[in-house]
There are 2 protein chains.
Amino acid sequence: MAPVAYDYLTDGSEIYRESFRIIREETNLERFPDDVSRVVVRMVHASAATDLADDVDFTPGVVAAANAALRAGAPILCDSSMVATGIIRSRLPRDNDVICHIKDPALAELAAARSMTKTMAAVDLWLPRLEGAVVAIGNAPTALFRLLEVVAETGVRPAAVVGIPVGFVGAAESKAALAANELGLEYLVVHGRRGGSALTVAAVNAIASVDELTNTSRQEG
Amino acid sequence: MAPVAYDYLTDGSEIYRESFRIIREETNLERFPDDVSRVVVRMVHASAATDLADDVDFTPGVVAAANAALRAGAPILCDSSMVATGIIRSRLPRDNDVICHIKDPALAELAAARSMTKTMAAVDLWLPRLEGAVVAIGNAPTALFRLLEVVAETGVRPAAVVGIPVGFVGAAESKAALAANELGLEYLVVHGRRGGSALTVAAVNAIASVDELTNTSRQEG
């Protein structure tokens, strides 16, 4: 076959620098405190959507609270396997547990018994580890709704909630409910339909470590 | 604490039906053949972005070719761990291998020796399994560029390429290069900056099985 030559950057660090330069040029970050701004930059990087920043809502203390919890050894509770996989273990300060129950074989039965989605039943299983934990929801609106119910019912409270489920049914509503919570929850959300595991992973990895310009800070590690 | 009551759908199948109803109502699917349309619906579902469909480009035979390859036992070659994790094993017709080298400890050294990104070096490691495989690139533009080079250099050809890397540097260009390929590659891309592991996983899972209305067809399995 004829040789094909493509002209593209092949140096990981150079790709990072150029990406972040474009993001900071095109994204309106003015309203964010410095620590939140750094997290939003990573979320824009993961989605390649600069207008995503306009839909971010947060409590001013969310990044500090989540980072402090991780430094204290708190677990990260995830609603999906893709979120759990994407969290880069080498960035975690205390070899923190990353917990996801969605592939637990007993889950279908538990969900049926409680008339819930499997995702909701998986949230119920978080309870023994929920106090002071970092919650990362990147897929299912029902997980976020269920979390709010569990916190309200038990008084057990996570240190911070990264709540970025995606979808057409309940996603926007669940994030609005988190942002309106009167439970004292620190939160980071992306309002509307958009969300997903990549955004959630980007946020958690950025919260865990300030290291920006390395290949190992990429979503898949 | 005061009880909190949220009104939301908790039946997985009902959530699916309502989601797909909204997608079909809001998305322009007219230009797609039936089998590609079904895949695009899942991609819109994963991203919650109906305008994504407008950026999809494809060869008319891509879904049939990829599905036939899977039914013949072909492996799925992935550029990121999140893509590999999201592929639902129970949907694969032949217990197909899902291969991702990105966490191979030897990769950093190989990449340095070849002056490449780790992602590119991981593509080089696909070569013994590349002929007739299904390629799923959901993260790195350099993986897609490198794939095109490897195919051109070796004449070894995968059955189909789901090429949906995301980002500000090289993503749009790499997908344009795939769509312009004269190597006879069947492809499915989302032009522009948008892409990612969730979209890629949604496409592969939809290609693997026509089963739509089940919880197990959700991205995280």
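This is a friendly dialogue on reading a predicted model with chains A and B.

Reader: Where should I start with the sheet in chain A, and in what order do its strands lie?

Author: Start by listing the strands in their order across the sheet. In chain A, six strands form an open sheet, ordered β1-β6-β5-β4-β2-β3, with mixed pairing.

Reader: Which strands stand at the edges in chain A?

Author: Look for strands with a single partner. Here they are β1 (56-58) and β3 (98-99) of chain A, so one side of each has no neighbour in the sheet.

Reader: How many bridges join β1(A) to strand β6 of chain A, and do they run parallel or antiparallel?

Author: Three bridges link β1(A) with β6 (residues 187-190) of chain A, and the two strands run antiparallel. To pick out one bridge on screen, find A:Val56, whose partner in β6(A) is A:Val190.

Reader: Which strands does helix α3 of chain A touch?

Author: For a helix on a sheet, read off the strands in contact and then the angle. Helix α3 (residues 62-71) of chain A packs on the sheet and touches β1, β2 (76-78), β4 (134-137), β5 (160-163) and β6 of chain A. Its direction makes about 115° with that of β4(A). Helix α8 (residues 141-154) of chain A also packs on the sheet; it touches β4 and β5 of chain A, and its direction makes about 150° with that of β4(A).

Reader: Now for chain B: what is the strand order there?

Author: The sheet of chain B is open and mixed too, with six strands in the order β1-β6-β5-β4-β2-β3. Its edge strands are β1 (56-58) and β3 (98-99) of chain B, each paired on one side only.

Reader: Which way do β5 and β6 of chain B run, parallel or antiparallel?

Author: Strand β5 (residues 160-163) and strand β6 (residues 187-190) of chain B run parallel and are joined by three bridges. One residue to look for is B:Val162, which has B:Leu188 in β6(B) as its bridge partner. You can then place helix α10 (residues 197-208) of chain B, which lies across β2, β4, β5 and β6 of chain B at about 145° to β5(B).

Reader: What rotation superposes chain A on chain B?

Author: For two copies, look at the rotation and the shift along its axis. Here a rotation of 180° with 0.0 Å of shift superposes chain A on chain B, with an RMSD of 0.0 Å. That is the relation of a two-fold axis. In chain A, the C-alpha nearest the axis belongs to A:Met82, 2.6 Å from it.

Reader: And how much area do chain A and chain B bury between them?

Author: The size of an interface is often given as the accessible area lost when the parts come together. Chain A and chain B bury about 5,000 Å², 63% of it on carbon and sulfur atoms. On the chain A side, A:Tyr8, A:Met82 and A:Phe168 lose the most area to chain B, together 16% of what that side buries. The contact takes 58 residues from each of chain A and chain B.

Reader: Why do the copies meet through the same surface?

Author: Compare the residue lists: 100% of the interface residues of chain A are also interface residues in chain B, so the copies share that surface.

Reader: How many salt bridges does the rule find across the interface of chain A and chain B?

Author: The rule finds two across this interface, while the structure holds 20 over all chains. B:Arg193 lies in the loop between β6 and α10 of chain B and A:Glu26 in helix α1 (residues 12-26) of chain A, so the pair joins two chains. The closest N and O atoms of this salt bridge, B:Arg193 with A:Glu26, are 2.9 Å apart.

Methods. Residues numbered from 1 in each chain as written. Chains lettered and ligands numbered in written order. Predicted model: local features only at pLDDT ≥ 70, side-chain atom pairs only at ≥ 80, totals over all residues. Heavy atoms only, no water. Pairing = 2+ DSSP bridges. Helix = DSSP H or I, 4+ residues; strand = E, 2+ residues; numbered from the N terminus. Contact = heavy atoms within 4.5 Å. Axes fitted to C-alpha atoms, helices over the stretch in contact; angles between N-to-C directions. Least-squares fit on C-alpha atoms with pLDDT ≥ 70 in both. Buried area = accessible area lost by both parts, 1.4 Å probe. Salt bridge = Lys/Arg side-chain N within 4 Å of Asp/Glu carboxyl O.
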